[in-house]
Amino acid sequence: MENLRIGVPSKGRLAELATDLLKDAGLSFRRQDRSLFALVKDAPVEITFLRTDDIPVLCAEGAIDMGITGSDLVAEAGVELVERLALGVGNCRLAVCVPESSAIKTAADLDGARIATSFPHVTEKYLAEHGAKAHMVTLSGSVEVMISLGVADAIVDLVETGSTLAANRLRILDEIGRYETILIQNHNPRHAEMADRVVRRLEGVVIARSYSLLEYNIPRTKLAEAEKIAPGFNSPTVSALEDADWCAVRVMVPRKQVIPAMEQLEAIGASAILETQIANCRL
Ligand SMILES: Nc1ncnc2c1ncn2[C@@H]1O[C@H](COP(=O)(O)OP(=O)(O)OP(=O)(O)O)[C@@H](O)[C@H]1O
Ligand SMILES: O=P(O)(O)OC[C@H]1O[C@H](OP(=O)(O)OP(=O)(O)O)[C@H](O)[C@@H]1O
Ligand SMILES: [Mg+2]
């Protein structure tokens with residue numbers, strides 16, 4: 001059977017994120033210099049390095065079976081694909097932005113305006129939904145500067161921290177959508193069984209990265225209360241201790257909730273509370 005082909009960003013902010021995820025999932029490869037192709041060790045998989053924004057269309061066309069790219073770029077490409085897995089990285093929003101002092105106050109005010117963007121299709125759809133028609137200036141980058149260059153009255157661009165907007169004295173008029181890095185697949189992969197294995201492997205890493213393992217000892221009388229604080233992915237594992245009044249608990253806790261959970265557990269009488277990072281998991 002032919003190898004499964006996975007498209008991975010060759011450069012830009014998603015390149016390293018995607019490569020690290022695949023390696024952590026046991027899909028290791030070595031990219032030589034600027035080569036556009038690599039074989040995965042010990043699996044019938046080959047990696048093709050492509051531009052992030054070309055990955056959706058190349059996947060839909062069948063040149064690659066799977067790909068790692070932004071869901072914003074999938075929406076913009078408007079192609080038929082299967083979204084297999086959200087990868088928990090690359091979170092951003094697409095927003096309509098105007099100068100802080102602009103007279104444009106609502107989406108309807110965009111009627112007749114000039115809008116600079118790298119997302120013309122998503123923008124046109126948004127404008128149509130708001131009954132507005134605008135002159136589109138389509139660019140591949142540096143969109144925020146187009147207002148001060150006098151090319152546009154508004155922009156539609158990705159916002160992450162908001163620092164680019166602040167630096168250019170722009171404000172968000174409306175949010176069009178929220179996006180993240182995803183694993184996509186075409187409808188007829190060359191190696192469907194391997195494609196499912198890639199999904200399961202990456203899922204193990206994605207879940208492991210977003211959870212920690214908490215272990216603690218607690219008086220049995222407080223166990224029910226402790227389980228409310230940290231209910232776990234499935235349910236906590238409880239083991240007996242030499243002192244029959246106490247038990248030991250192991251539970252998965254979302255990373256962001258670990259510190260407050262530790263504090264609350266301590267407050268109800270837990271002791272020896274340990275956090276361990278999970279490298280990989282199958283649940
Ligand atoms: N702050 C952000 N700005 C832009 N894209 C982001 C941001 N955060 C996450 N992303 C995601 O990264 C994708 C852009 O990936 P790309 O490979 O083009 O990286 P880049 O660093 O913008 O490269 P380039 O310098 O070529 O523009 C976006 O489509 C989006 O899915
Ligand atoms: O909200 P922030 O955290 O400031 O991030 C958003 C900025 O990052 C991206 O630009 P990028 O760095 O990719 O430059 P580019 O315009 O050359 O693509 C995006 O196009 C915004 O300009
Ligand atoms: Mg960019």
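In this predicted model, strand β1 (residues 4-9) is largely enclosed by the rest of the structure, because 6 of its 6 residues are buried. The burial extends to both faces of β1: Leu4, Ile6 and Val8 are buried on one side, and Arg5, Gly7 and Pro9 are buried on the other. Two strands pair with β1. With strand β3 (residues 45-50), β1 forms 6 bridges in the parallel sense, and within this pairing Ile6 has Ile47 of β3 as its bridge partner. Strand β4 (residues 66-70) also runs parallel to β1 and is joined to it by 2 bridges; here the bridge partner of Gly7 is Gly67 of β4.

The chain as a whole is divided into domain 1 (4-89 + 180-190), domain 2 (92-179) and domain 3 (211-277). The centres of domain 2 and domain 3, taken over C-alpha atoms, are separated by 47 Å.

The interior was examined next. The largest nonpolar core comprises 49 residues, and Met66, Leu202, Ala230 and Leu265 are those with the most contacts inside it. The greatest contribution to this core comes from helix α6 (residues 192-210), which supplies 7 residues. Domain 1 (4-89 + 180-190) and domain 3 (211-277) both contribute residues to the core, which therefore lies between them. In soluble globular proteins, nonpolar side chains tend to be buried together. The surroundings of Ala230 illustrate the contacts in detail: when neighbours within four places in sequence are left aside, Ala230 is in contact with Leu214, Pro236, Val251, Val253, Ala261 and Leu265. Another core, of 22 residues, lies apart from the largest one and has Leu110, Val143, Val156 and Leu170 among its members.

An annotated region was also considered. In an unreviewed UniProt entry, residues 208-280 are covered by the annotation "domain: Histidine biosynthesis HisG C-terminal". Over these residues, 208-280, the chain is 27% helix and 40% strand, with its end C-alpha atoms 5 Å apart.

Finally, the environment of ligand 2 was described. The residues around ligand 2 are Gly141, Ser142, Glu144, Asp157, Leu158, Val159, Glu160, Thr161, Gly162, Ser163 and Thr164. Two or more residues of this shell are given by each of the elements β9 (154-159) and α5 (163-167). The element that gives the most to the shell around ligand 2 is β9, with 3 residues.

Methods
Residues are numbered from 1 along each chain as its sequence is written. Chains are lettered from A and ligands numbered from 1 in the order in which they are written. This is a predicted model: local features need pLDDT of at least 70, side-chain atom pairs count only at pLDDT 80 or more; totals for chains, interfaces and linings use all residues. A nonpolar core is a set of buried Ala, Val, Leu, Ile, Met, Phe, Trp, Tyr and Cys residues joined through C-beta atoms within 7 Å. A residue is buried if 20 or more other C-beta atoms lie within 10 Å of its own, exposed if 12 or fewer, and partly exposed in between; C-beta atoms are placed from the backbone. Helices (H or I, at least four residues) and strands (E, at least two) are DSSP runs, numbered from the N terminus. Domain bounds come from an automatic or database domain assignment. Two residues are in contact if their C-beta atoms, placed from the backbone, lie within 7 Å. Two strands pair if DSSP finds at least two bridges between them. UniProt positions are given in the numbering used here, feature names are shortened, and annotations may be inferred rather than shown by experiment. A residue is near a molecule or strand if its C-beta atom, placed from the backbone, lies within 6 Å of it.
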